[in-house]
Amino acid sequence: MIKAQPVFERHFDFEFTNRCNATCSFCPRDTMPKMGMMTKEVFLKTLDRCRELPLGQEPILKACGTGEPLINPQAVDFIEHACGEGFVFNLTTNASLLTGDKAQRLFAAGLNQLNLSISATGELYRAIYNLDFNLIDRNVKDMLSLDRGACKVQVTIVDFEDNHEKVPEIRDYWKRLGINRVSVVSTQNRGGHLKQFSQHAFKKDYEEEAWQIIHENGMSHHCFSPYLHVFIGWNGNYYLCCHDWTKKFPVGSVFDLSVSEVDLLKMKLTESREGCKLCTFDIVNQLREKLIAVNDQGEDPSVLDDKIAAIKPLQTAMKEVIGVMQTDGVLKLPSSVKPD
């Protein structure tokens with residue numbers, strides 16, 4: 001009996017644009033470099049790179065990036081083209097530009113998932129986003145009235161200081177409208193660019209202890225995000241990951257390098273943690289945060305144990321991933337990870 005080939009999903013994040021019509025207080029918008037729009041030429045070349053993935057890797061495409069994708073006037077055309085080519089495509093939007101016509105075209109094209117980034121309602125929404133919630137509410141309700149086919153709809157709520165007390169109420173609001181997929185996520189400091197959420201990332205308290213935990217548990221310090229998520233800027237440049245808001249770490253262009261070639265360049269950056277040291281998503285910093293909570297803030301030691309248990313499966317797998325890349329020069333799904 002032939003065993004099924006394990007599939008390593010590579011999530012391609014297309015930055016249709018880094019422009020946005022919202023001014024979210026949890027977004028480092030003021031650190032963004034030159035603004036622009038992805039062209040059809042860049043989009044089509046990126047699709048070519050998706051097709052080049054080695055055996056065992058499956059591309060999952062999404063438009064999220066660092067801006068509002070629907071600002072790009074070709075956004076819906078791009079998604080229709082990709083879906084027509086047989087790619088799985090997801091879209092993240094704040095819904096302000098999601099007209100009924102656009103939604104209908106996206107559903108007809110075969111959009112796989114529509115992610116609505118809406119972290120508040122009413123006047124609180126305006127205070128956070130500087131957009132009119134009535135417009136968002138109307139667009140979402142109009143969208144829900146359409147035949148969505150197999151498309152999944154999800155609302156993502158960023159839980160942070162300004163809306164924390166209201167999160168259960170916000171979640172319930174969307175569920176009452178029939179959106180059962182509601183994800184609540186915590187804030188990340190976007191590679192250190194959101195200084196109000198940086199917490200302890202700029203310090204080195206308990207760094208030695210964090211490294212000891214990594215080694216004792218057979219884990220890798222390499223962050224998985226740059227490898228599972230392939231970020232393509234609007235200009236066709238690959239970047240280390242979506243947390244590199246200042247575009248400080250470009251790793252080549254889709255016109256020059258394949259994804260496999262870029263993986264090897266990323267490995268040098270994640271090995272040194274050059275682009276990760278100030279990021280709250282960094283594995284060392286995640287452990288440091290819990291060590292500080294236990295040793296300096298009096299929290300129960302179980303919070304550190306829970307964090308280790310949460311990151312250990314993926315980080316032990318990453319150790320095998322990096323080892324294979326160093327010897328074979330290609331990213332492969334570890335034998336310890338079983339396909340769904």
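Q: Which residues form the negative surface patch?
A: This is a predicted model, so take the patch as a feature of that prediction. Patch members need over 30% relative accessible area and no salt bridge, with like charges joined within 9 Å. The negative patch that comes out is made of Glu299, Asp300, Asp305 and Asp306.

Q: Is Asp306 buried or exposed?
A: Asp306 sits in helix α11, which covers residues 302-328, and it belongs to the negative patch. The cut-off for exposed is over 50% relative accessible area. Asp306 comes in at 51%, so the label is exposed.

Q: How many salt bridges does the rule give?
A: Opposite charges on side chains can pair when the charged atoms come close. Here the rule asks for a side-chain nitrogen of Lys or Arg within 4 Å of a carboxyl oxygen of Asp or Glu. Applied to this model, that gives a count of eleven.

Q: How many residues apart are Asp263 and Arg10?
A: The side chains of Asp263 and Arg10 meet in a salt bridge, 2.9 Å from N to O. Asp263 is in helix α9 (residues 259-272) and Arg10 is in strand β1 (residues 8-14), so this pair links distant parts of the chain, with a separation of 253 residues.

Q: What is the relative accessible area of Arg10, the partner of Asp263?
A: Buried means under 20% relative accessible area. Asp263 meets that with 2%. Arg10 is buried too, and its value is 0%.

Q: Where are Lys247 and Glu15 placed?
A: The two side chains meet in a salt bridge, at 3.1 Å from N to O. The pair links distant parts of the chain, 232 residues apart. Lys247 is in the loop between β8 (237-239) and β9 (250-253), and Glu15 is in the loop between β1 and α1 (40-51).

Q: Are Lys247 and Glu15 buried or exposed?
A: The limit for buried is under 20% relative accessible area. Lys247 has 12%, so it counts as buried. Glu15 has 0%, so that residue is likewise buried.

Q: Which helices does the salt bridge between Glu80 and Arg105 tie together?
A: The side chains of Glu80 and Arg105 meet at 2.8 Å, N to O. Glu80 lies in residues 75-84 and Arg105 in residues 100-109, so the bridge ties together parts that are 25 residues apart in sequence. Those parts are helix α2 and helix α3.

Q: What class of exposure do Glu80 and Arg105 get?
A: Partly exposed is the range between under 20% (buried) and over 50% (exposed). Glu80 has a relative accessible area of 27%, and Arg105 has 28%. Therefore Glu80 is partly exposed, and Arg105 is also partly exposed.

Q: Which residues are joined into one network by salt bridges that share partners?
A: A network arises here when salt bridges have partners in common. The residues joined in this way are Asp48, Arg51 and Glu85.

Q: Which residues of α4 are exposed on the other side from the buried ones?
A: Helix α4 spans residues 122-129, and its buried residues are Tyr125, Ile128 and Tyr129. These cover an arc of only 80 degrees around the axis, so they fall on the same side of α4. On the other side, the exposed residues are Glu123 and Ala127.

Q: What is phi of Ala95 near?
A: Ala95 is found in the loop between β3 (88-93) and α3. At 0% relative accessibility, Ala95 counts as buried. Its phi is positive in a residue other than glycine, near 75 degrees.

Q: What is phi of Tyr206 near?
A: Tyr206 is in the loop between β6 (181-186) and α7 (207-216). With 22% relative accessible area, Tyr206 is partly exposed. Tyr206 is a residue other than glycine with a positive phi, near 65 degrees.

Q: How many Å apart are Glu208 and Arg288 in space?
A: Glu208 is found in helix α7, and with 67% relative accessible area it is exposed. Along the sequence, Glu208 and Arg288 are 80 residues apart. From C-alpha to C-alpha, the separation is 9.1 Å.

Q: What separates the C-alpha atoms of Asn72 and Thr39?
A: Asn72 is in the loop between β2 (57-63) and α2, and it counts as buried at 3% relative accessibility. Asn72 and Thr39 are 33 residues apart along the chain. Their C-alpha atoms are separated by 9.1 Å.

Key:
Residues numbered from 1 in each chain as written. Predicted model: local features only at pLDDT ≥ 70, side-chain atom pairs only at ≥ 80, totals over all residues. Heavy atoms only, no water. Patch = residues over 30% accessible without salt bridge, like charges linked within 9 Å, V, L, I, M, F, W, Y side chains within 5 Å. Areas by Shrake-Rupley, 256 points an atom, 1.4 Å probe, with all protein chains shown as cover. Lys, Arg positive; Asp, Glu negative; His and termini not counted. Charge placed at Lys NZ, Arg CZ, Asp CG, Glu CD. Helix = DSSP H or I, 4+ residues; strand = E, 2+ residues; numbered from the N terminus. Buried < 20%, exposed > 50% of the residue type's maximum accessible area, 1.4 Å probe, protein only. Arc of directions from axis to C-beta.
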